[in-house]
Amino acid sequence: MEKPLTEHIRKDREPLTLKEYEQAGGYQALRKILKGTTPKEVQTLVTDSGLRGRGGAGFSTGLKWSFVPMNVIGTKYLISNADEMEPGTFKDRILLECTPHQMIEGMIIASFAIQATESFVFLRWAYKTAARAITRAIQEAYDAGYLGKDILGSGFHLDMHLHTGVGRYMCGEETALLNSLEGKRATPRAKPPFPQISGLFGKPTIVNNVETLCCLPPIVNHGAEWFKKLSRTGDAGTKLYGVSGKVKTPGAWELPMGVTLRELIEEYGGGMQEGLKFRGALPGGASTDFLVEEHLDVKMDYTSVAAAGSRLGTGTVVVLDDKTCPVGFVKNLEHFFAQESCGFCTPCREGIPWVEKILGSIDKGEGRMEDMNLLEMHVRALGPGNTFCAFAPGAMEPLQSALKYFREDFERHINEKHCPWHTQHVSTSTH
Amino acid sequence: MLTTEEKNEIEKAVSLVPYRKAACVEALKVVQEKRRWISDESLKEVADYMKMTAEELDSVATFYNLIFRKPVGRHIILVCDSISCWVMGYEKIKEQLTQELGIEYGGTTADGKFTMLPNPCLGTCDCAPALMIDGDLYRNITVQQLPEILRNYE
Amino acid sequence: MPILYIDNTPYEVSQGKNLLEACLTLGFDLPYFCWHPAMGSVGACRQCAVKIFKDENDTKGKLIMSCMEPVTANQRISVADPEARDFREQVIGWLMTNHPHDCAVCDEGGSCHLQDMTVMTGHAYRKFNYKKRTYKNQDLGPFINHEMNRCIQCYRCVRFYKDYAGGRDLDAFASRNQVYFGRHEDGVLENEFSGNLSEVCPTGVFTDKTLKDHYTRKWDLTMAPSICHHCSLGCNTIAGERYGSVRMIGNRYHGDINGYFLCDRGRFGYEFLNAKDRIRNPMIQGQVVDGEKMRAAVVDAVRQPRVVGIGSPRASLQSNYALKELVGKDNFYHGVSEGEHALAHLALEILQKNPQRIVSMKSVESADAIFILGDDLTNTAPMMALAVRQAVRNKPKEAADQAKIPGWHDAAVRELVQEEKGPLFIADVLPTKLADVATGVFTGSPDDVARLGYAVAHVLDPEAPPVQGLSAEDSSLAQQIATALAGAKKPVIITGTSSGQAHAIHASSNVLLALHKKNKDAGIVITQAECNSLGLAMMGGKSLKDAFNAGSVDTLVVLENDLYRHDSTAAVDAFMKQCNQVVVLDHANTTTVQKAHLVIPAGAFAESDGILVNNEGRAQRFFQVYETKSDIQESWRWLAVVGAEAGKGRMAEWKNFESVTHAMVSSEPLLHGAAMVTPSSDYRVEGQRIPRAPHRYSGRTAMTADIAVSEPKPPEDPDSSMSYTMEGFRGQPPSSMIPFYWSPGWNSVQSVNKYQEEVGAALRGGDPGLKLIVALGQHGAPHYFKDIPEKFKPEAGRLRIARLHHIFGSEELSARSASVAQRIQMPYVMVNTADAVGLTEGQLVSVSWNGSEARLPVRLNPSFPKGVMGLPAGMTSVAGEEAWGIISNVKE
Ligand SMILES: Cc1cc2nc3c(=O)[nH]c(=O)nc-3n(C[C@H](O)[C@H](O)[C@H](O)COP(=O)(O)O)c2cc1C
Ligand code: SF4
Ligand code: FES
């Protein structure tokens with residue numbers, strides 16, 4: 001099985017030095033494109049490879065790049081979105097900590113493809129180890145002439161800086177990230193205009209996820225067809241999957257796109273812990289709909305998970321077991337969303353805290369049947385397009401599917417006036 | 001007054017952006033790094049230095065979770081309260097910390113040693129529950145390990 | 001014009017608008033919060049949702065925010081769609097989760113946009129049964145009250161205050177459902193336009209603190225259209241009265257002047273009306289007398305052989321004219337210094353000969369290059385400064401056009417444009433407040449400021465006179481300014497009479513002419529000293545100095561004028577001694593009033609009808625707000641009665657405002673249009689008058705019950721076609737007579753949308769007022785002024801005086817307002833640090849000039865020109881074009 005993202009990762013998980021990375025074939029892709037490939041050709045190659053953004057939305061990377069105006073004067077920016085904060089998600093951390101050069105090489109390739117001359121890594125504050133690894137790697141890349149003026153004598157110029165955030169899930173949303181980088185409140189921007197036209201400091205900008213960027217060197221080295229064939233399904237490449245929750249061996253693995261949920265949980269995650277049964281799972285972080293038992297054989301790619309009524313999201317699965325209260329589970333998620341809402345638009349700012357309060361009272365056994373209608377109302381009203389950005393619709397995904405799959409559990413709380421799982425979980429008051 | 005060291009670090013950040021105030025988040029980080037938190041006085045100093053008003057800077061400062069506008073202890077305990085850690089029982093860890101330190105979220109121990117804060121997903125969900133003290137990440141923690149972990153901090 | 005289908009009905013709509021604007025223009029009641037007609041869209045509140053359909057076969061559609069969606073041809077939307085309706089109702093439901101139920105004690109109650117929108121969406125039942133979030137409020141100073149619990153987080157306040165008005169001490173703090181709008185800590189809101197927060201805020205967070213001091217529901221006010229008297233721009237206002245005192249001033253929309261806003265001087269200056277020491281009764285030698293006695297005494301006085309009248313630039317045309325008629329035109333003097341008199345006439349001449357267009361505030365907003373020469377707009381004509389702040393975005397905004405971002409898409413435009421500011425150059429003695437948005441700032445002595453202007457003209461047109469001895473640096477700045485102006489599509493030059501000197505105005509005129517010769521669509525703005533300075537100039541008459549020199553006087557009649565503001569105390573005192581008897585008509589208790597033998601209580605703007613001519617030559621009518629019970633009457637009315645009895649001219653024929661106005665226009669050729677500014681007093685709609693009180697007005701029968709239980713007969717208005725009560729025509733009055741905004745379902749000021757031809761455009765029937773100066777070129781061709789001053793050389797032993805203006809304090813009437821008074825700085829003298837050897841900041845010194853003397857604290861300013869001293873205008877009286885002063889140590 002080929003693992004172009006993780007194959008060179010050291011056993012001790014120390015970051016690959018420049019030398020190690022070069023010995024493993026690193027920066028060959030960059031050398032290749034700088035020898036006579038045009039930016040448009042790189043864009044076409046990446047479009048042909050079928051690479052879809054690994055940040056959650058799954059948009060074609062090459063296509064996204066193609067909206068950047070090419071013949072303009074002035075700065076353009078490329079940004080690596082390393083703000084990984086989606087609950088249940090821990091995939092970019094591995095790449096950032098262990099193979100920083102692969103991301104940097106990917107960033108240089110992407111910058112070349114859109115002719116950006118400035119680039120930033122937007123890293124979340126908590127990733128201290130990653131920060132050290134990236135700082136060193138950027139310096140090494142400068143020293144080796146992969147960054148800076150006239151890279152490898154090609155005339156192409158690129159600067160790269162590391163920016164660490166100060167804690168806000170919204171900074172992962174690409175336009176809020178731009179505001180944050182501009183020293184502003186991390187509230188999102190309206191689209192259109194898209195960042196490709198008016199991004200950082202009003203200049204054309206591409207924001208790509210870390211994993212997306214790490215896919216680029218292998219694609220350049222081995223070609224679009226090769227990348228497609230890595231996958232078991234229609235969506236190309238490999239994917240860093242993860243499993244957390246009460247499975248025997250939680251972890252993250254690079255696997256061909258399209259492994260099934262069952263394989264992930266049973267084979268890689270080692271199956272449920274003793275005495276526990278699988279009840280459901282969020283396939284790709286906190287803002288994806290639950291999949292349940294009937295979906296265990298769903299292929300974990302963008303298209304198939306969408307067909308099953310959810311989203312691949314970040315591909316990191318959070319498992320719900322039968323000894324864990326689904327209401328408490330969703331309440332924890334909505335608490336997160338209520339806390340992290342940026343406060344810009346009404347439905348999200350006022351709606352999600354309301355949802356959290358309702359879930360809190362249901363969890364405490366103080367819920368009323370009407371509360372179910374209110375939850376349903378929020379699920380509908382906070383749908384895509386109704387709120388300013390994708391945050392709130394994301395927040396509604398787990399709730400909406402929980403109401404569908406675990407409705408009885410909600411109703412039991414209300415009817416029995418207490419949490420049936422109470423012995424397992426001390427329900428604490430909201431912070 | 002900002003120290004020369006603080007100013008130098010801020011200037012480095014300023015040099016990367018097209019206009020001065022765009023580096024204000026960096027400036028806050030630099031000063032918080034040295035002074036642990038951003039007092040009203042620090043805020044005004046940074047604002048002056050960045051050619052911003054206190055309002056403009058505080059608007060940004062108060063938006064972010066990890067810019068501290070209230071005094072904090074010498075060490076910050078960030079307890080991950082997100083989903084995987086919840087499933088894996090982080091609440092017991094938190095309760096134990098409360099017992100041990102006598103503080104709730106947002107509180108600082110009487111000796112000024114620790115401040116405990118909830119924190120969204122620390123990105124180490126396969127090793128839940130997790131917490132972070134200053135820059136150190138602790139994974140797969142149990143209630144029993146807590147006293148030993150806390151002993152590492154002065 | 002594209003066709004827009006709304007609920008399957010086709011409508012013609014304008015290109016370039018968003019759907020919300022289109023719907024409101026068509027009269028749909030679509031709720032909104034964060035969108036503002038002058039500030040555009042950001043999409044924060046999500047209140048304006050409608051359904052949009054791909055084509056006629058699409059039955060499902062999807063929700064969109066109408067404010068964020070451009071109008072396109074053949075678009076299909078639904079406002080009535082149940083899903084859209086439910087969503088809009090739910091948005092209110094969410095806002096109400098935290099909004100307190102305190103409407104009964106809220107200042108906004110009954111004129112609240114949030115209440116209106118709540119009713120409009122049909123939200124009536126509360127489903128949220130948890131605790132509400134609460135906040136602490138802040139003390140924001142004398143103008144604005146803060147009640148944060150009512151906040152619905154629409155972000156309008158910060159968008160106005162920061163983005164629109166350039167304020168920097170109000171912001172949004174925190175995040176999620178804790179977002180807070182206020183200052184960093186308690187303290188005065190410093191921006192000059194803070195009062196607009198009370199109208200921009202759709203609920204009761206930011207309200208008018210001066211109204212709170214004597215609160216009344218807005219529907220209980222008797223209101224009339226008025227004109228701001230606190231500077232020369234003539235912003236349109238609404239004044240509201242209850243129980244005999246004016247309670248508040250609100251914006252009255254004018255598409256070509258002030259749009260939706262007012263400055264704080266204009267909004268809060270009204271409290272001078274209610275000042276404790278206001279003149280309310282006739283007084284003879286300091287004793288209160290009744291009106292009859294007063295009239296008889298004045299009649300006697302004006303029957304004397306040598307009667308001299310002194311008019312006023314802060315009194316209406318009618319009052320000035322009545323005085324002129326009473327004393328005869330040879331005895332009528334403008335109550336302004338020689339310098340001010342000359343400057344007003346100079347400005348008039350330039351405007352009359354202006355080869356192109358006299359630009360309005362609105363056209364300044366659309367200028368793409370501006371050069372301000374010797375006028376500190378923020379402090380002399382504040383709303384013009386606000387217009388300039390908008391204009392500096394025009395040039396950079398062209399990039400947004402290219403990126404196909406519509407102008408109303410405010411956040412997106414700002415993100416694209418970032419910190420870029422379009423060409424704005426300022427030359428003045430100080431950088432002025434607009435410096436933060438300027439491309440280039442020149443500071444120097446008044447002469448050097450003017451020299452730069454002359455130099456710019458010469459760069460533009462070599463035939464304009466050259467400036468000798470300009471430094472290389474200044475030449476290159478002149479070059480830069482000229483290039484920017486020449487490269488613009490609509491350049492504007494702004495200057496004013498505030499410096500008291502002609503040079504800057506001459507230079508500005510040269511720049512305008514030079515641009516004109518280059519076939520540029522250039523414009524000029526010349527601000528004036530007071531609200532009717534230009535009107536007075538159009539009336540003919542001599543300066544105050546001429547009156548001083550006119551020999552002895554039997555009776556001096558002073559109209560609404562404090563002579564001590566226009567010349568030195570010594571000079572005015574000497575003049576008063578020349579006069580046997582002094583009659584003063586005024587409402588303010590001025591030094592002149594204190595020296596008078598006979599004091600007549602004149603109506604101030606709220607008790608008067610009158611016409612003012614603003615700085616662009618636009619005649620505008622203000623209406624009496626309420627009927628006074630006392631002897632307070634318009635000056636023109638007092639004078640008419642006296643004149644009639646004394647048998648002066650044809651004054652006996654003057655019956656009301658209209659007959660005075662007609663007499664005036666037939667003898668004052670330049671004021672000819674003034675009679676057509678408003679419909680005549682016999683104008684009726686459907687046989688009815690226009691009511692000054694809203695139909696919700698309460699207490700009419702009860703409010704005087706403590707005096708008499710029978711309801712008094714409502715006062716009749718002989719001067720206009722308005723009634724003093726709520727009786728009358730309920731529909732929309734002519735644009736010049738809008739006493740308040742109201743439309744069914746729209747009780748807040750947002751109902752102004754319903755009064756416009758199109759949202760944000762002119763009022764229905766055209767914006768009110770009439771430009772009296774329109775005949776371009778009719779008064780002769782413009783020429784280049786050639787009197788270029790020498791480069792200013794500091795002199796030993798004396799300093800050249802420059803007047804420094806202050807929004808609060810420099811204007812006479814607003815300075816008497818209790819709230820404004822709290823914002824007035826102590827008088828001071830400003831000097832360059834180098835000219836103040838041995839002096840420390842704040843040290844008291846003795847300053848003497850032109851026979852005046854004062855003890856003032858020193859303000860040291862390293863960027864102030866050397867050899868010059870700055871004195872605050874209006875707080876220290878400086879007459880004459882070129883004044884010099886001496887600073888000496890205070891002798892203990
Ligand atoms: C609320 C929110 C949070 C997000 N957080 C992240 C994140 O932490 N990392 C990330 O790569 N993308 C995140 N995204 C997605 C980004 O907006 C963006 O789509 C992505 O970075 C694009 O990169 P890609 O095309 O390579 O996937 C988030 C989106 C939303 C709406
Ligand atoms: S949905 Fe609205 S409040 Fe929520 S994060 Fe997005 S913009 Fe902010
Ligand atoms: S008015 Fe449209 S979203 Fe606020």
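**Reading the labels: rings, charges and ligand 1**

User: Why is F160(C) called buried?

Analyst: In this predicted model, F160(C) has a relative accessibility of 0%. Buried means under 20%, so F160(C) earns the label.

User: What makes Y164(C) buried?

Analyst: Its relative accessibility is 8%. That value is under the 20% limit, so Y164(C) counts as buried.

User: How many aromatic pairs does a search of the whole structure find?

Analyst: Over all chains, the search turns up 41. One of them joins Y169(A) and F336(A), with 4.9 Å from centre to centre and 65° between the planes.

User: Why is the pair of Y169(A) and F336(A) called edge-to-face?

Analyst: There are two checks here. The centres must lie within 6.5 Å, and these are 4.9 Å apart. Edge-to-face then needs planes over 60 degrees apart; at 65°, Y169(A) and F336(A) qualify.

User: Why does that pair tie together parts of chain A, and where do Y169(A) and F336(A) lie?

Analyst: Y169(A) belongs to the loop between β3 (159-164) and α8 (174-181), whereas F336(A) sits in helix α13 (residues 326-340), so the pair links parts that are 167 residues apart in sequence.

User: Are Y169(A) and F336(A) buried or exposed?

Analyst: Both fall under 20%: Y169(A) has 14% relative accessibility, so Y169(A) is buried, and F336(A) has 5%, so F336(A) is buried as well.

User: Why is the pair of F160(C) and Y164(C) called stacked?

Analyst: The ring centres are 5.7 Å apart and the planes meet at 25°. Stacked means planes under 30 degrees apart, so F160(C) and Y164(C) fit the term. In sequence, they are four residues apart in helix α4 (residues 156-164) of chain C, a separation of about one helical turn.

User: Which residues form one aromatic cluster with F160(C) and Y164(C)?

Analyst: Y253(C), Y260(C) and F261(C) join them.

User: How do you know that the charged end of R412(A) sits over the ring of W421(A)?

Analyst: The charged end of R412(A) is 5.9 Å from the ring centre of W421(A), and the cut-off is within 6 Å, together with an angle within 35 degrees of the ring normal. K94(B) likewise lies over the face of Y105(B), at 5.0 Å from the ring centre.

User: What makes the approach of the N81(A) side chain to ligand 1 a polar contact?

Analyst: An N or O atom of that side chain is 2.9 Å from an oxygen atom of ligand 1, and a polar contact must be within 3.5 Å. The backbone of R54(A) also passes, with an N or O atom 3.3 Å from a ligand oxygen. A polar backbone atom of G172(A) is 3.3 Å from a ligand nitrogen. Of the 610 Å² of accessible area that ligand 1 has on its own, the protein covers 89%.

User: Which classes make up the shell around ligand 1?

Analyst: The shell has five nonpolar, seven polar and six charged residues. Strand β4 (residues 205-209) of chain A gives the largest share, three residues.

User: Why is E173(A) called buried, and R262(A) partly exposed?

Analyst: E173(A), in the loop between β3 and α8 of chain A, has 17% relative accessible area, under 20% and therefore buried. R262(A), in helix α11 (residues 261-268) of chain A, has 29%, which falls between 20% and 50% and so counts as partly exposed. The side chain of E173(A) also makes a 2.6 Å polar contact with that of T175(A).

Notes
Residues numbered from 1 in each chain as written. Chains lettered and ligands numbered in written order. Predicted model: local features only at pLDDT ≥ 70, side-chain atom pairs only at ≥ 80, totals over all residues. Heavy atoms only, no water. Polar contact = N/O pair within 3.5 Å; in protein donor to acceptor, adjacent residues only side chain to side chain. Areas by Shrake-Rupley, 256 points an atom, 1.4 Å probe, with all protein chains shown as cover. Helix = DSSP H or I, 4+ residues; strand = E, 2+ residues; numbered from the N terminus. Nonpolar A, V, L, I, M, F, W, Y, C, P; charged D, E, K, R; others polar. Phe/Tyr/Trp six-rings, centres within 6.5 Å; stacked < 30°, edge-to-face > 60°. Buried < 20%, exposed > 50% of the residue type's maximum accessible area, 1.4 Å probe, protein only.
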